[in-house]
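Me: I'd like to go through this structure with you, mostly around the ligand and the open spaces. Can you take it step by step?

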Amino acid sequence: MRLSRYFLPILKETPKEAEIVSHRLMLRAGMIRQQSAGIYAWLPLGHRVLNKIQRIVEEEQNRSGAVQLLMPTIQPADLWRESGRYDAYGKEMLRIEDRHEREMLFGPTNEEMITDIFRSYVRSYKDLPLNLYHIQWKFRDEVRPRFGVMRGREFLMKDAYSFDLDKERSTEAYRRMFVAYLRTFARMGLTAIPMKADTGPIGGDLSHEFIVLASTGESEVFLDKDILDLPIPGEDTDFDGDLSGIIEQWTTPYAATDEMHDEAAFGAVAEDKKVSARGIEVGHIFHFGTKYSEPMGAKVMTAEGKEVPVQMGSYGIGVSRLLGAIIEACHDDDGIIWPKEVAPFHVGLINMKAGSECDEVCESVYAELEKAGVEVLYDDRKTSAGQKFASMDLIGLPYQLVVGPRGLKTGEVEVKDRATGDREMLTPEAAVNKLI
Ligand code: ATP
Ligand code: MG
Ligand code: MG
Ligand code: MG
């Protein structure tokens with residue numbers, strides 16, 4: 001992509017309304033624009049990252065055996081009356097009336113709708129286990145939308161729903177999601193810690209929030225440092241096998257949000273391993289049994305010919321919130337430092353003097369990198385080199401390839417690693433090989 005033909009509205013001024021660094025950097029890097037409180041337009045650079053995050057989420061959901069579909073954003077109120085949540089949900093729900101005066105709503109989540117889909121088609125234990133997920137925009141009329149995409153009103157969520165015959169199998173479904181989440185966040189360069197979360201009136205121990213530590217996080221958390229060193233399950237994890245060992249390992253060290261915090265249990269953690277910090281909830285998994293299947297009549301036939309309400313769980317990931325969480329974790333004074341897997345482009349090619357002998361070298365490395373499938377943002381504009389460096393540091397692509405008149409005198413270009421700041425002078429060919 002040539003920057004001269006792209007749309008990257010970088011802001012020079014630091015926006016006053018942004019209280020935290022990720023929000024400031026997203027605005028300054030031209031990734032998002034607020035259109036109304038907590039409602040954002042995703043500008044091209046932000047949209048690219050959103051897509052990359054979404055792709056990782058999809059790959060890991062699919063790997064774990066979940067099946068993707070897409071439900072609408074607008075839902076009929078009647079479905080929510082069946083579960084009893086239409087009135088209970090309160091002001092966070094955006095209620096809409098259509099031209100026929102039918103009550104509709106913009107979905108804040110999809111338990112009711114997926115249960116309706118399930119009950120319309122599935123009748124037998126033979127069709128289980130089933131886990132259906134979608135990635136769709138949600139709307140919650142938050143009292144205080146803030147911190148940019150971190151607490152939006154319109155936001156992108158991945159929500160999966162599992163259906164099983166009994167509690168034991170439902171627990172297995174829960175474990176598959178637990179492991180998929182560990183992998184998903186790690187692939188994005190994040191340390192997201194599963195923490196015991198409140199199960200409300202349902203009880204049990206099957207609810208975890210996945211929390212990224214950050215001083216700007218809205219949750220207060222307590223943990224045993226040991227959890228930070230646990231290995232992430234590999235790509236070869238057998239999701240049809242027994243995952244209880246992994247869950248056991250990850251739920252042994254103490255880790256809880258303030259709602260579930262137990263001073264006595266935390267007290268048993270070695271003093272030098274105790275961490276109390278703040279964190280961002282990027283995911284939440286929850287087994288809720290028959291909470292929706294019972295009132296909504298989603299039943300399946302057992303092998304013995306008995307009809308039972310299906311056991312369910314739901315599993316959310318804050319896809320758009322993740323951009324904020326990643327930036328909170330990965331930045332410095334000059335801007336964002338994207339982890340490679342989610343970076344909007346892999347390389348920023350800087351032509352220090354457009355209109356000079358630099359052009360030819362830039363065009364050739366640009367063509368070669370593109371041919372090799374490397375995503376390049378080529379700054380071919382006729383602006384100052386200083387401005388180009390500052391913009392590239394701000395938008396945080398993993399590598400910068402700098403072509404300047406001085407280096408070319410000895411036939412060399414510079415490769416800079418954004419994360420470490422390391423610079424290396426190489427021939428254009430060697431630079432291309434390094435970046436492929
Ligand atoms: P929070 O405690 O932050 O309000 P929640 O517990 O209400 O979140 P869930 O219902 O568990 O949210 O939704 C699943 C995921 O969706 C959350 O873990 C979070 O990552 C994301 N999410 C929830 N609300 C928002 C929001 N207003 N803006 C962006 N992402 C959100
Ligand atoms: Mg909430
Ligand atoms: Mg929460
Ligand atoms: Mg939650």
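Reply: One definition before the pocket: strands are DSSP runs of E with at least two residues, numbered from the N terminus, and this is a predicted model. With that numbering, β8, β11 (219–224), β13 and β16 (311–318) each supply at least two residues of the lining of the largest pocket.

Me: Which element gives the most to that pocket lining?

Reply: That is β13, which contributes 8 residues to the lining of the largest pocket.

Me: What volume does the largest pocket have, and how many residues line it?

Reply: The volume of the largest pocket is about 1,100 Å³, and 46 residues line it, with R140, M157, E209, E281 and H284 lying nearest its centre. By class, the lining divides into 16 nonpolar, 14 polar and 16 charged residues.

Me: And where is ligand 1 in relation to the pockets?

Reply: The space that ligand 1 takes is the largest pocket. Two elements give two or more residues to the shell around ligand 1, namely β8 (154–164) and β13 (274–289), and β13 gives the most to that shell, with 4 residues.

Me: Which residues come nearest to the ligand?

Reply: There are 14 residues around ligand 1, and those that come nearest are E142, R151, G152, E281 and R321. The shell divides into 5 nonpolar, 4 polar and 5 charged residues.

Me: OK, polar contacts next. What are the distances from ligand 1 to R140 and E142?

Reply: For R140, an N or O atom in the side chain is 3.0 Å from an oxygen atom of ligand 1. For E142, an N or O atom in the side chain is 2.8 Å from a nitrogen atom of ligand 1.

Me: What about the backbone of M150?

Reply: A polar backbone atom of M150 is 3.4 Å from a nitrogen atom of ligand 1. As for burial, ligand 1 taken alone exposes 580 Å², and the protein buries 81% of that.

Me: Switching to closed spaces, how many cavities of 30 Å³ or more are there?

Reply: The count comes to 1 cavity of 30 Å³ or more, and the volume given for the largest cavity is about 60 Å³.

Me: What lines the largest cavity?

Reply: Its lining is made up of Y40, W42, W137, G148, V149, G152, E154, F155 and S320, which divide into 5 nonpolar, 3 polar and 1 charged. Both β2 (39–42) and β8 supply at least two residues of that lining. G152 appears here as a cavity-lining residue, and G152 is also among the residues that come nearest to ligand 1.

Me: Last topic, backbone geometry. Where is the cis peptide bond?

Reply: The cis peptide bond joins L128 and P129, with omega at about 0 degrees. P129 lies in the loop between α5 (111–121) and β7 (130–139).

Me: And what is phi of E101?

Reply: Phi of E101 is near 60 degrees, which is a positive value in a residue other than glycine. E101 is found in the loop that runs between β5 (94–97) and β6 (103–106).

Me: Why flag those two spots?

Reply: Because most residues other than glycine have a negative phi, and most peptide bonds are trans.

Definitions and conventions: Residues numbered from 1 in each chain as written. Chains lettered and ligands numbered in written order. Predicted model: local features only at pLDDT ≥ 70, side-chain atom pairs only at ≥ 80, totals over all residues. Heavy atoms only, no water. Near = heavy atom within 4 Å. Polar contact = N/O pair within 3.5 Å; in protein donor to acceptor, adjacent residues only side chain to side chain. Areas by Shrake-Rupley, 256 points an atom, 1.4 Å probe, with all protein chains shown as cover. 1 Å grid on protein atoms, 1.4 Å probe; cavity = no way out; pocket = protein on both sides within 12 Å on 5 of 7 lines; lining within 4 Å. Sits in = over half its atoms within 2 Å of the grid points. Nonpolar A, V, L, I, M, F, W, Y, C, P; charged D, E, K, R; others polar. Points joined across faces, edges and corners; volume = space filled by probe spheres on them.
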